[in-house]
Protein chains: 4
Amino acid sequence: MERKVLITDCADAQGLITKITGVCFKHQLNIIKNSEFVDNAQGRFFMRTELEGVFDDSLILFDLNEVLPDSSHVKLVSLSKKRIVIMVTKEAHCLGDILMKAYYGGLDVEIAAIVGNYETLEPLAVKFDIPFHFICHQDMTRLEHEKKMIEVIEAYQPEYVVLAKFMRILTPEFVARYPNRIINIHHSFLPAFIGASPYRQAWERGVKIIGATAHFVNNCLDEGPIIKQDVIPVDHSFSAEDLAKNGRDVEKSVLSKALQLVLHEEVIVYGNKTVVF
Amino acid sequence: MERKVLITDCADAQGLITKITGVCFKHQLNIIKNSEFVDNAQGRFFMRTELEGVFDDSLILFDLNEVLPDSSHVKLVSLSKKRIVIMVTKEAHCLGDILMKAYYGGLDVEIAAIVGNYETLEPLAVKFDIPFHFICHQDMTRLEHEKKMIEVIEAYQPEYVVLAKFMRILTPEFVARYPNRIINIHHSFLPAFIGASPYRQAWERGVKIIGATAHFVNNCLDEGPIIKQDVIPVDHSFSAEDLAKNGRDVEKSVLSKALQLVLHEEVIVYGNKTVVF
Amino acid sequence: MERKVLITDCADAQGLITKITGVCFKHQLNIIKNSEFVDNAQGRFFMRTELEGVFDDSLILFDLNEVLPDSSHVKLVSLSKKRIVIMVTKEAHCLGDILMKAYYGGLDVEIAAIVGNYETLEPLAVKFDIPFHFICHQDMTRLEHEKKMIEVIEAYQPEYVVLAKFMRILTPEFVARYPNRIINIHHSFLPAFIGASPYRQAWERGVKIIGATAHFVNNCLDEGPIIKQDVIPVDHSFSAEDLAKNGRDVEKSVLSKALQLVLHEEVIVYGNKTVVF
Amino acid sequence: MERKVLITDCADAQGLITKITGVCFKHQLNIIKNSEFVDNAQGRFFMRTELEGVFDDSLILFDLNEVLPDSSHVKLVSLSKKRIVIMVTKEAHCLGDILMKAYYGGLDVEIAAIVGNYETLEPLAVKFDIPFHFICHQDMTRLEHEKKMIEVIEAYQPEYVVLAKFMRILTPEFVARYPNRIINIHHSFLPAFIGASPYRQAWERGVKIIGATAHFVNNCLDEGPIIKQDVIPVDHSFSAEDLAKNGRDVEKSVLSKALQLVLHEEVIVYGNKTVVF
């Protein structure tokens, strides 16, 4: 007995749930959990089905393609641990939270390696016996730097790349290599304060709530499909530094939660949005 | 084209989703939204299916009973406005919120009547042209008082009875007459502070968060299946009166939200718990 | 024995608390509650002191001016009910919440009148016996329309003007007439979605949290000093209409809370920010 | 120039703020932040004053005692890092969060040592170079076990003892040794679910919100003065194990926040309550 997740993303039509669950039933798979969503504006159907049983993947997918509309996307994936590479700069809080949660089992993930454009976080990686690759960006073009990082990353064949406060902008080439597979934490409640120094912007604007946003990175201007957001209340007595300090707690918690959702196959991207089941 | 909700509550078995949605498909009903839950501890299956189409109710239910396990509970209900009677004592905030939301369309409900054991809230009922029945509890036994209230309530044939800060304890006889059809707001975060004066208890205990709980009333000791809870942060500077004043906002918002969930057929009761889809 | 609030806003200096509370002590005023804040970036000191006793206002202010730096702002105000005029268009939820809370004592305010550019909400005003002035904006220039509204508003001498979903942009002339005395509710978590149709923008962006912002109106581009903000979680299943419907609850609750803070003299404006004690 | 915090806890009287800040002014100390609270029910005054300057502690305290009522408690403490000992059993999440935050500067603390009644968490302590003392409770009386732990703890002279999921009940003797200096995390929203297995209790009751409570340990029956509480929403789909897993995030975040408040001298205990400035 194994556990897998079936993700269906197709044009909406009558009878889809019956047909899909019918195939599962035929293959004697037990439905542990099922979630659907129809985007009526776009006539699009999304379903996530958590299944238990003995899987003949190719036969199941064949049967599904028989009953589904043309150009449907179907994927049947195991819920076993996924491999990630984490990219960092100097700040430890997001990396630290992922390392610690992976350590005690709060996050189902295999951290294959950490890539940093500074050496600052190497000692933290060492504590947890994770390979740390220091790839300095100085005296290099952006493309040269990314080429070096890509070489390292590719060696690990990660399913996702996690930007845990990696503070450099990635080129469209880098991003295109990992479509909907790069997860970033933005230290503001997007789309507020999109540019640099969001905490300073928030302080200058005198907001009463600050937040953080975890999102996939794509080449859209406004920073990709949002996975998870959270906020905390603040007040006039917070300096820009206080906002940043308190914001760190939200950043790390939002990134870890988004990562868990992605790892657990609960997120489907479509256009610049996500369905989070 | 009409819209209805199908609620299924039965023993868990393989293929239930396929079978139920298959019946919907056969009757050419479009599934707008579907939610399922399996309580593995009890082997019980729950499903809420929002449907659009032309309904032959008895035929649909016949077909469903053919495919479902024995002693399943199935109900097919319209999403049209439901009729309620509200019971009150002296406090206006919960009643006021329901009246105002019903007035501007924030709550899909027909308020048939208000029953009060004090006259205090009659002027508020009059503003909104709702019949107000003052049934004083003085010089009567509890059963006599309830008998009078039941006579009035029965005349309106309400689907639900809402206790909007009705401050008297109801007898098991009264409660048994409306099984899972009486909704109450308790001014604490249950199961904390179950007894009298929860805000004073909260103040004495020095809690940093207070809350409110909307629940169905049954004859269990600990006050019935919970529908909705919410909380607000408080601190040392709140007196017991401040807690009560601030708590009122949570009470009214939790009661209105719970009521909306129930009216929209999103709540299934089982045992002393609820499934809220 | 009366209760008043002393608000001090001046250049920062050593000994200010001692000097100000010393004057209170000299006048035998009891300090019920005291809050201070120093904005170090601007070297500015703010203090709110809630006092109880017998007040000789001019003598107290004279003594304070003796000990405070030049060009300090000091105000000594009663905590009695303040008079407001509410401006509305067609939506009832914010107006309804203020009316209901004022009715049952959840908001310490005297609603002098309601001004609407549509007749829609007149029946609601009538229920609560508040004068409603329908001042249609059609066939008029913006200045002519505002002139008519100002005539009506001025007759009531309100301390604050509350825009409870008043959907027209006010001219700088109108705004300048009520400096830091116009309170608006913006149906987004500012500074996100500043322009029109924020809920549609939020839906298109796929955010996971929506919010509302109550702020003073001034002639700054980004909509004035923020008083209060709050948010609710949303997900992919919310249509733009669902966002708007759910957002209404946050809008009304944020506006009422901001209004209560202002009425209770807990808000000091400086620059484009507020100190909220 | 140094920074210290002055905590005053005394009988309420007129002029206290003037007198206390007057002493600060006389000693040319700059007030960075000042917070007061009067508990009117008990006629008690509390003040926390953050000061900057050159401190002659004994002279300042002498001057304060001159102006304060008899039997006042005054303490003048540095904001430098405080030393703690952490007690654990098997669960890593709370310990891990404190270690990680201390590592990257999110918590101003010196972790002198960790004491565990199991060896489970020794490797985690080793990663961060903190001495770990395994003191097995088997084959010992409770008093013998505590005696051994006390010997170890005393050697480090900690200012606070933090119970980071230490799952044994402490004797009144142990508790009495560290009055208001032992901080515990209770995995429920106190006073709900006081006894064993709170997550299972919560699941059986069908609550819609779960929480955690950080508190000082004393010998009161209901578990001591509350420092901090927080909650998360849950629903019917959470098993008791899911509640526990999700609850861990709240537990660790509440404990870390409570600890930071205590370390930063923002908490005053009185009776079974706290003032948290």
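Through which surface do the copies, chain C and chain A, meet? In this predicted model, 100% of the interface residues of chain C are also interface residues in chain A, so the copies meet through the same surface.

**The C/A and D/B pairs**

Let's start with the symmetry. Two copies of a chain are related by a rotation about an axis and a shift along it. Here a turn of 180° with a shift of 0.0 Å along the axis lays chain C on chain A, at an RMSD of 0.0 Å. That is the relation of a two-fold axis. If you want to find this axis in the viewer, go to Ala192(C): of the residues of chain C, Ala192(C) comes closest, with its C-alpha at 2.2 Å.

Now for chains D and B. Chain D can be put on chain B by a turn of 180° and a shift of 0.0 Å along the axis, with an RMSD of 0.0 Å. In chain D the C-alpha nearest that axis belongs to Ala192(D), 2.2 Å from it. Again, 100% of the interface residues of chain D are also interface residues in chain B, so these copies meet through the same surface as well.

Here are the two contacts in numbers:

| Pair | Residues in contact | Buried area | Share from carbon and sulfur atoms |
|---|---|---|---|
| Chain C and chain A | 31 residues from chain C, 31 residues from chain A | about 2,700 Å² | 63% |
| Chain D and chain B | 31 residues from chain D, 31 residues from chain B | about 2,700 Å² | 63% |

Which residues of chain C lose the most area to chain A? They are Arg205(C), Lys208(C) and His236(C), together 28% of what that side buries. On the chain D side, Arg205(D), Lys208(D) and His236(D) lose the most area to chain B, and together they make up 28% of what chain D buries there.

**Two domains in chain A**

Within chain A, the split is into domain 1 (2-78) and domain 2 (82-276). Their C-alpha centres lie 31 Å apart. Domain 1 of chain A brings 13 residues to the contact, and domain 2 of chain A brings 8 residues. Between them the two domains of chain A bury about 830 Å², with 60% of it on carbon and sulfur atoms. On the domain 1 side, Ile7(A), Phe46(A) and Arg48(A) supply 44% of the area buried against domain 2, more than any other three residues.

**Nonpolar cores**

The largest nonpolar core has 80 residues, and those touching the most other members are Ile86(B), Ile111(B), Ile114(B), Ile86(C), Ile111(C) and Ile114(C). Take Ile114(C) as an example. Leaving aside residues up to four places away in sequence, its contacts include Ile86(C), Val88(C), Leu95(C), Leu99(C) and Phe132(C). Another core, of 79 residues, lies apart from the largest one; Phe132(A), Ile185(A), Ile98(D) and Ala102(D) are among its members.

**A helix with two sides**

Finally, have a look at helix α2 of chain B, residues 57-67, where Ile60(B), Asp63(B) and Leu64(B) are buried. Seen down the axis of α2(B), the buried residues fall within an arc of 100°, so they line one face of the helix. Which residues are exposed on the other side of α2(B)? Those are Ser58(B), Phe62(B) and Glu66(B). As for the buried residues of α2(B), their cover includes β1 (2-11), α1 (16-26) and β4 (73-78) of chain B.

Note on methods: Residues numbered from 1 in each chain as written. Chains lettered and ligands numbered in written order. Predicted model: local features only at pLDDT ≥ 70, side-chain atom pairs only at ≥ 80, totals over all residues. Heavy atoms only, no water. Least-squares fit on C-alpha atoms with pLDDT ≥ 70 in both. Contact = heavy atoms within 4.5 Å. Core = buried A, V, L, I, M, F, W, Y, C linked by side-chain atoms within 4.5 Å. Buried < 20%, exposed > 50% of the residue type's maximum accessible area, 1.4 Å probe, protein only. Helix = DSSP H or I, 4+ residues; strand = E, 2+ residues; numbered from the N terminus. Arc of directions from axis to C-beta. Domains from an automatic or database assignment. Buried area = accessible area lost by both parts, 1.4 Å probe.
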